[in-house]
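Hello,

Here is the structure we spoke about, with the sequence alongside. My notes follow below it.

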Amino acid sequence: MRSLKFPNRMGCIIIGLTILCIVLFNGKTALCGENGNTFNSVLKFSSGGILASMDLHEGSHALVAGLTNTDMDWECGNYNQPIAFTENASSDAKGFAINSAGLIGQEIGSEVILQVDKIDKNSPFVRGMMLWNVLNPVLYALDYWFLGIANKKEGNKYQGDIQGIERYSNESVANGSALSMAAIAVFQGYRFLQTQSWAPDWVKKDTHNISFAPTPAGGVLMTYKLTF
């Protein structure tokens, strides 16, 4: 295992520039549509869209760490993840913000894609980015609740975003955060599905609607409305 450690501000700059380059480069190609080249489509979907989503996640962590003046160490192949960080937050508020920033950043990115009409929702790049933006929050929640692969707690140490949220708040807040982020991601995925050219007509029609609302206990109330 090779450790990648650099000053926090430099790490923020490097990851931020990586996100900017990938999004700008692939964003232009995404708006142009496809020319039928299967290899290019697969490349844009995986190396473009999915990688951009991953960088958006990690870059959001680094950005918030920079804004809160928190030192971070980055490592490859640690904590059962391709790239992971260790932070030294000086307060619970800073630690909570840093650990929640990754998933929140992805969901903000998804909302931008859904709201901006000029973005081609059927491009491989956008499909790849939305796929990981939707799957990652759901996988984080399932891992925190059941699997314990990326989210673990050992004494005063922790790994994983949701476990980090618990570390700097409590288990109830962590459960609520996991549920909320997963629910929002699923709802965004459903809305994105409605924009797809291959989706069946019954999905595209506004005959049904899913909405979410927070509850006083810290959970999320899901409402499904069917019009017939």
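In which helix is Ala141 found? Ala141 belongs to helix H4. Please keep in mind throughout that this is a predicted model.

Surroundings of Ala141

Ala141 counts as buried because its relative accessibility is 1%, and the cut-off for buried is under 20%. With neighbours within four places in sequence left aside, Ala141 is in contact with Ala178 and Ala182. The C-alpha atoms of Ala141 and Ala174 are separated by 9.4 Å, and these two residues are 33 residues apart along the chain.

Nonpolar patch

Helix H4, which covers residues 124-147, also matters for the surface: it gives the most to a nonpolar patch, with seven residues. The patch has an area of about 820 Å². Its members are Leu131, Leu135, Leu139, Leu142, Trp145, Phe146, Leu147, Ile149 and Leu179. Leu179 lies in helix H6, residues 171-193. Leu179 has 34% relative accessibility and therefore counts as partly exposed.

Aromatic pairs

The count of aromatic pairs comes to two. One of them is formed by Trp145 and Phe146, with an edge-to-face arrangement, 6.4 Å centre to centre and 70 degrees between the planes. Both residues are also listed in the nonpolar patch. Trp145 is partly exposed, at 34% relative accessibility, whereas Phe146 is exposed, at 65%.

Tyr158 and Tyr168 also form an edge-to-face pair, with 6.2 Å centre to centre and 85 degrees between the planes. This pair links distant parts of the chain: Tyr158 is in strand E5 (residues 157-159), while Tyr168 is in the loop between helix H5 (161-167) and H6, ten residues apart. Is Tyr168 buried or exposed? At 11% relative accessibility, Tyr168 counts as buried.

Charges over rings

The ring of Tyr168 has a further partner, since the charged end of Arg167 sits over that ring, 4.9 Å from its centre. A similar arrangement involves Phe187: the charged end of Arg191 sits over the Phe187 ring, 5.6 Å from its centre.

Salt bridges

How many salt bridges does a search of the whole structure find? The search finds two. Arg191 forms a salt bridge with Glu111, and the closest N and O atoms are 2.8 Å apart. This pair links distant parts of the chain, with Arg191 in helix H6 and Glu111 in helix H3 (residues 92-115), 80 residues apart. Glu111 counts as partly exposed, at 26% relative accessibility.

A salt bridge also joins the side chains of Glu166 and Lys153, at 3.1 Å from N to O. Glu166 lies in helix H5 and Lys153 in strand E4 (residues 152-154), so this pair ties together parts that are 13 residues apart in sequence. The two ends are covered to unlike degrees: Glu166 is buried, with a relative accessible area of 13%, but Lys153 is exposed, at 52% relative accessibility.

Regards

Definitions and conventions. Residues are numbered from 1 along each chain as its sequence is written. Side-chain values use heavy atoms; hydrogens and water are left out. Patches are made of residues with over 30% relative accessible area and no salt bridge: like charges are joined within 9 Å, nonpolar side chains (Val, Leu, Ile, Met, Phe, Trp, Tyr) within 5 Å. Accessible areas come from the Shrake-Rupley method with a 1.4 Å probe; for residues, only the protein chains shown count as cover. A salt bridge is a side-chain nitrogen of Lys or Arg within 4 Å of a carboxyl oxygen of Asp or Glu. Helices (H or I, at least four residues) and strands (E, at least two) are DSSP runs, numbered from the N terminus. Buried means under 20% relative accessible area, exposed over 50%, partly exposed in between (1.4 Å probe, protein chains only). Rings of Phe, Tyr and Trp (its six-membered ring) pair if their centres lie within 6.5 Å; planes under 30 degrees apart count as stacked, over 60 as edge-to-face and the rest as tilted. A charge sits over a ring if NZ of Lys or CZ of Arg is within 6 Å of the ring centre and within 35 degrees of the ring normal. Contact means heavy atoms within 4.5 Å.
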